Amino acid sequence: DFLNEDGLLEAIQHIEKVPKNMAPILLDWPKNHRDEYDFDEFGHKGICTSVNMFFYGFLKTLAKLYRIVEDDEQAQEMEAIYTKLGQSLIEQTYDYDRGLFKDTPVSNHCSLHANTLQLCFELLPPKGYEPLINFIKEKRFSCSLGFGYYD
């Protein structure tokens, strides 16, 4: 229900759309760890790069599991979905000038969160991983412990 026509998760933080038996998405951005991310303006609406990257990683892992159990049809379906998702993320959230991912398509802020998961889940950006790695080195641990696992 939350996939848009580009294959991206959208508006999942809108409580009115979340079924009562499903918790809303929780990101590791308490106010004192937001790194100037304009969360109140853009973070709870529309497309979130980090949430979509977690979904990308989930689908990619699911495809690998389907390959292990030799269910090629399901694996191909998951691969098609995560490939489209990755392409859409690059098209809508990648800042070619900086070589980084913005937190949302409408924000200019680039957080540690939005630029770490590509390495974890192997989504290759157009300018490669070097800008992401340099950014991560510069930002250091600008997150709370919940996201520190990925840093």
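How many of the ten residues of α4 are buried? Eight are, so α4 is largely enclosed by the rest of the structure. The buried set consists of L112, H113, A114, N115, T116, L117, Q118 and F121. Keep this helix in view; several features below lead back to it.

The model is a predicted one. It holds six helices and two strands. Read from the N terminus, the order of elements is α-α-α-β-β-α-α-α. Of the 151 residues in the protein, 47% are buried. The exposed surface comes to about 8700 Å². Carbon and sulfur atoms supply 53% of that surface. Now take the contacts with a separation of 6 or more: 60% of them join residues 24 or more positions apart.

Start with helix α3. This helix spans residues 72-93, 22 residues in total. From first C-alpha to last, α3 reaches 31 Å, close to the 32 Å expected at 1.5 Å a residue. Its buried residues are A75, M78, Y82, L85, G86, S88, L89, I90 and T93. What covers them? The cover includes α2 (49-68), together with β1 (94-95) and β2 (100-101).

Next comes the core. In soluble globular proteins, nonpolar side chains tend to be buried together. Here the largest nonpolar core has 25 residues. Within this core, M53, Y56, L59, L85, F101 and L123 touch the most other members. Five elements, α2, α3, β2, α4 and α5 (130-139), each supply at least two residues of the core. The largest share comes from α2, with six residues.

L123 shows how such a core residue is placed. Set aside its neighbours within four places in sequence. L123 is then in contact with M53, Y56, G86, I90, F101, Q118 and Y129. Among these partners, G86 and I90 are buried residues of α3, and Q118 is a buried residue of α4. M53, Y56 and F101 appear again as core members that touch the most others. Just before L123 in the chain, E122 follows α4 and has a positive phi, near 60°.

Aromatic rings add another layer. There are five aromatic pairs. One of them joins F54 and F121 edge-to-face, at 6.4 Å centre to centre with 65° between the planes. This pair links distant parts of the chain: F54 lies in helix α2, F121 in helix α4 (residues 112-121), and 67 residues separate them. Are the two rings buried or partly exposed? F54 has 29% relative accessibility and counts as partly exposed. F121 has a relative accessible area of 16% and is buried.

A further pair involves the strands. The ring centres of Y94 and F101 are 5.0 Å apart and their planes meet at 65°, so this pair is edge-to-face. Both Y94 and F101 are buried. Ring pairs also bring in Y96, giving a cluster of Y94, Y96 and F101. F101 thus has two roles to note: a member of this ring cluster, and one of the core residues that touch the most other members.

Last, the cysteines. How many disulfides does a search of the whole structure find? The count is zero. C48 is buried, at 3% relative accessibility. C110 is buried as well, with a relative accessible area of 6%.

Terms used: Residues numbered from 1 in each chain as written. Predicted model: local features only at pLDDT ≥ 70, side-chain atom pairs only at ≥ 80, totals over all residues. Heavy atoms only, no water. Helix = DSSP H or I, 4+ residues; strand = E, 2+ residues; numbered from the N terminus. Expected span 1.5 Å × (residues − 1). Buried < 20%, exposed > 50% of the residue type's maximum accessible area, 1.4 Å probe, protein only. Contact = heavy atoms within 4.5 Å. Areas by Shrake-Rupley, 256 points an atom, 1.4 Å probe, with all protein chains shown as cover. Phe/Tyr/Trp six-rings, centres within 6.5 Å; stacked < 30°, edge-to-face > 60°. Core = buried A, V, L, I, M, F, W, Y, C linked by side-chain atoms within 4.5 Å. Disulfide = S-S within 2.5 Å.
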